[in-house]
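Work through the exercises below with the model open. Try each task before reading its solution.

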Amino acid sequence: MDSLIPFTTSGSLVDCVDRKMLVVLRDGRKLQGVLRSYDQFANLVLEDTVERIYHQDVFAELHRGLFLIRGENVVLLGEIDLDQEDEVPLRQVEWSVLEAYHKKEVADRKHRDEAKAQVLFERKGFCKEGGEGDGY
């Protein structure tokens with residue numbers, strides 16, 4: 001049983017090193033890059049990183065280079081299947097074409113989240129994000 005313990009923590013990432021990975025962050029950004037390193041806190045180092053944004057059936061990429069990601073900001077980490085990567089039915093466009101749509105979606109999501117937080121605060125007694133009792 002003790003031999004399985006390293007694979008229930010960040011040790012399970014050992015097979016992902018030097019592979020192309022998709023990382024979704026807490027703020028909603030989607031990053032793709034080659035995982036070069038990680039530590040016990042699941043802090044990640046991605047090389048040749050690109051940020052992708054999507055709108056309907058199109059996407060755009062912006063090259064970000066070497067990226068250090070703090071582990072607490074990772075929502076999802078998954079390997080990209082290189083054989084099927086080019087078979088995605090999406091069309092690539094320039095970043096500038098999608099940037100305005102993306103900013104509007106981010107603003108709309110922020111507005112919805114703030115409205116939800118206000119309802120939870122008023123009706124259920126939850127604290128607001130960053131409010132009293134939310135620090136650590």
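Helices (H or I, at least four residues) and strands (E, at least two) are DSSP runs, numbered from the N terminus. The model is predicted: local features need pLDDT of at least 70, side-chain atom pairs count only at pLDDT 80 or more, and totals for chains, interfaces and linings use all residues. Residues are numbered from 1 along each chain as its sequence is written, and side-chain values use heavy atoms, with hydrogens and water left out.

**Exercise 1. The fold**

Task: state how many helices and strands the protein has, and in what order the elements run.

Solution.
- Step 1. Count the elements: one helix and six strands.
- Step 2. Read from the N terminus: β-β-β-β-β-β-α.
- Step 3. Add the burial. Buried means under 20% relative accessible area, exposed over 50%, and partly exposed in between (1.4 Å probe, protein chains only). Of the 136 residues, 24% count as buried.

**Exercise 2. Helix 1**

Task: compare the span of helix 1 with the expected one, then find which residue just after helix 1 takes a positive phi.

Solution.
- Step 1. Helix 1 has 30 residues.
- Step 2. The expected span is 1.5 Å times one less than the number of residues. For helix 1 this is 44 Å.
- Step 3. From first C-alpha to last, helix 1 reaches 41 Å, close to the expected value.
- Step 4. Go just past helix 1. Gly125 takes a positive phi of about 80 degrees.

**Exercise 3. Positive phi outside glycine**

Task: place Asp18 and Asp48 and give the phi of each.

Solution.
- Step 1. Asp18 is not a glycine, yet its phi is positive, about 70 degrees.
- Step 2. Asp18 sits in the segment before strand 1 (20-25). Asp18 counts as exposed because its relative accessibility is 51%.
- Step 3. Asp48 has a phi near 55 degrees, again positive in a residue other than glycine. Asp48 belongs to strand 3 (residues 44-55).

**Exercise 4. Salt bridges**

Task: describe the bridges Glu51 to Arg64, Asp108 to Lys104 and Arg29 to Asp27.

Solution.
- Step 1. Fix the criterion: a side-chain nitrogen of Lys or Arg within 4 Å of a carboxyl oxygen of Asp or Glu. The structure holds 10 salt bridges.
- Step 2. Take Glu51 and Arg64. Their closest N and O atoms are 2.7 Å apart. Glu51 lies in strand 3 and Arg64 in strand 4, so the pair ties together parts 13 residues apart in sequence. Glu51 is buried at 5% relative accessibility, whereas Arg64 is partly exposed at 37%.
- Step 3. Take Asp108 and Lys104. The N to O distance is 3.0 Å. Both residues lie in helix 1, four residues apart, about one turn of the helix. An α-helix has 3.6 residues a turn, so residues three or four places apart point the same way. Asp108 is partly exposed at 32%, and Lys104 is exposed at 51%.
- Step 4. Look for shared partners. Salt bridges join Asp18, Arg36 and Glu47 into one network.
- Step 5. Take Arg29 and Asp27. Their side chains meet at 2.9 Å, N to O. Arg29 is partly exposed at 30%. Asp27 is partly exposed too, at 46%.

**Exercise 5. Charged patches**

Task: which residues form the positive patch, and which gather in the negative one?

Solution.
- Step 1. Set the rules. Patches use residues with over 30% relative accessible area and no salt bridge; like charges are joined within 9 Å, and nonpolar side chains (Val, Leu, Ile, Met, Phe, Trp, Tyr) within 5 Å. Areas come from the Shrake-Rupley method with a 1.4 Å probe; for residues, only the protein chains shown count as cover.
- Step 2. Assign charges. Lys and Arg are positive, Asp and Glu negative; His and the chain ends are not counted. Each charge is placed at NZ of Lys, CZ of Arg, CG of Asp or CD of Glu.
- Step 3. The positive patch consists of Lys30, Arg109, Arg112 and Lys116. Helix 1 (residues 95-124) gives the most, three residues.
- Step 4. Lys116 lies in helix 1 and is exposed at 52%. Lys30 is in strand 2 (residues 30-38) and is partly exposed at 30%.
- Step 5. The negative patch gathers Asp81, Asp83, Asp86 and Glu87. Asp81 lies in the loop between strand 5 (74-79) and strand 6 (91-92). Asp81 is partly exposed at 40%.
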